[in-house]
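Open the model in your viewer and show side chains as sticks. The tour below gives a selection at each stop and says what is found there.

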Amino acid sequence: MLWILTVALFLPSALYTWTMMWAYGCILISVGRCRGAAKMVLSLLVYMVFSILLVAAMFLVLGVVDGAKLAFREDIAYMIFFMACFGLSTIPGIKYFRSRFLKDLQDLGYFKRR
């Protein structure tokens, strides 16, 4: 039951991640129009807040599901499953971010081309 509940809670997490990626892209485009140190400082602040909020979904699932913390610490198979669910829930948001924002952000100086 714990495994099914974990998957069920990571499904809405995919929507949350997609929303976070959309907000991150929109905010970076706005910040990218600034010049000099302001752009760098604001970008760093946006990145820090985004990182915290993105990982918060993982800790939220650990806090909501009864027994998840204990299973995460003691069962390596559940830990791998949990991390895989988290990783898979980020894929839709990352794909959307790449298709919608990456080119514009590269033009503004973020995410340099290789």
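Select Trp18, Tyr24, Phe50, Tyr96, Phe97, Phe101, Tyr110 and Phe111: ring pairs link these residues into a cluster. The model is a predicted one, and it holds 12 aromatic pairs.

Stay in the cluster and pick out Trp18 and Tyr96. Their rings form a tilted pair, 4.7 Å centre to centre with 45° between the planes. Trp18 belongs to helix H1 and Tyr96 to helix H4, so this pair ties together parts that are 78 residues apart in sequence. Is Trp18 buried or exposed? Neither: at 32% relative accessibility, Trp18 counts as partly exposed.

Now move to Tyr24 and show its surroundings. Leaving aside residues up to four places away in sequence, Tyr24 touches Val46, Tyr47, Phe50, Phe97 and Phe111. Tyr24 is also part of the largest nonpolar core, which has 13 residues; Tyr24, Leu28, Phe50, Phe97 and Leu105 are the members that touch the most others. Colour H1 (2-32) and helix H2 (36-64), each of which supplies at least two residues of this core. The largest share, 6 residues, comes from H1. For a second core, apart from this one, select Phe10, Leu62, Val65 and Ala71, which are among its 11 residues.

Next, select residues 76-100, which make up H4. This helix of 25 residues reaches 37 Å from its first C-alpha to its last, close to the 36 Å expected at 1.5 Å a residue. Begin at its start, where a side-chain oxygen of Asp75 comes to within 3.2 Å of the backbone nitrogen of Ala77.

A little further along, show Tyr78 and Phe81. Both lie in H4, 3 residues apart, or about one turn of the helix. Their ring centres are 6.5 Å apart and their planes at 40°, so this pair too is tilted. Tyr78 counts as buried at 1% relative accessibility, while Phe81 is partly exposed, with a relative accessible area of 23%; the cut-off for buried is under 20%.

Where does H4 bend? Centre on Ile91: the helix bends there by about 30°, and a proline, Pro92, follows within four residues.

Finally, select the buried residues of H4: Tyr78, Phe82, Cys85, Phe86, Ser89, Thr90, Gly93 and Phe97. What covers them includes H1, H2, helix H3 (68-74) and helix H5 (102-107). Phe97 brings the tour back to the ring cluster.

Note on methods:
Residues are numbered from 1 along each chain as its sequence is written. This is a predicted model: local features need pLDDT of at least 70, side-chain atom pairs count only at pLDDT 80 or more; totals for chains, interfaces and linings use all residues. Side-chain values use heavy atoms; hydrogens and water are left out. A nonpolar core is a set of buried Ala, Val, Leu, Ile, Met, Phe, Trp, Tyr and Cys residues joined through side-chain atoms within 4.5 Å. Buried means under 20% relative accessible area, exposed over 50%, partly exposed in between (1.4 Å probe, protein chains only). Contact means heavy atoms within 4.5 Å. The expected span of a helix is 1.5 Å times one less than its number of residues. The bend at a residue is the angle between axes fitted to the seven residues ending there and the seven starting there. A polar contact is a pair of N or O atoms within 3.5 Å; within protein, one must be able to donate a hydrogen and the other to accept it, and residues adjacent in sequence count only if both atoms are side-chain atoms. Rings of Phe, Tyr and Trp (its six-membered ring) pair if their centres lie within 6.5 Å; planes under 30 degrees apart count as stacked, over 60 as edge-to-face and the rest as tilted.
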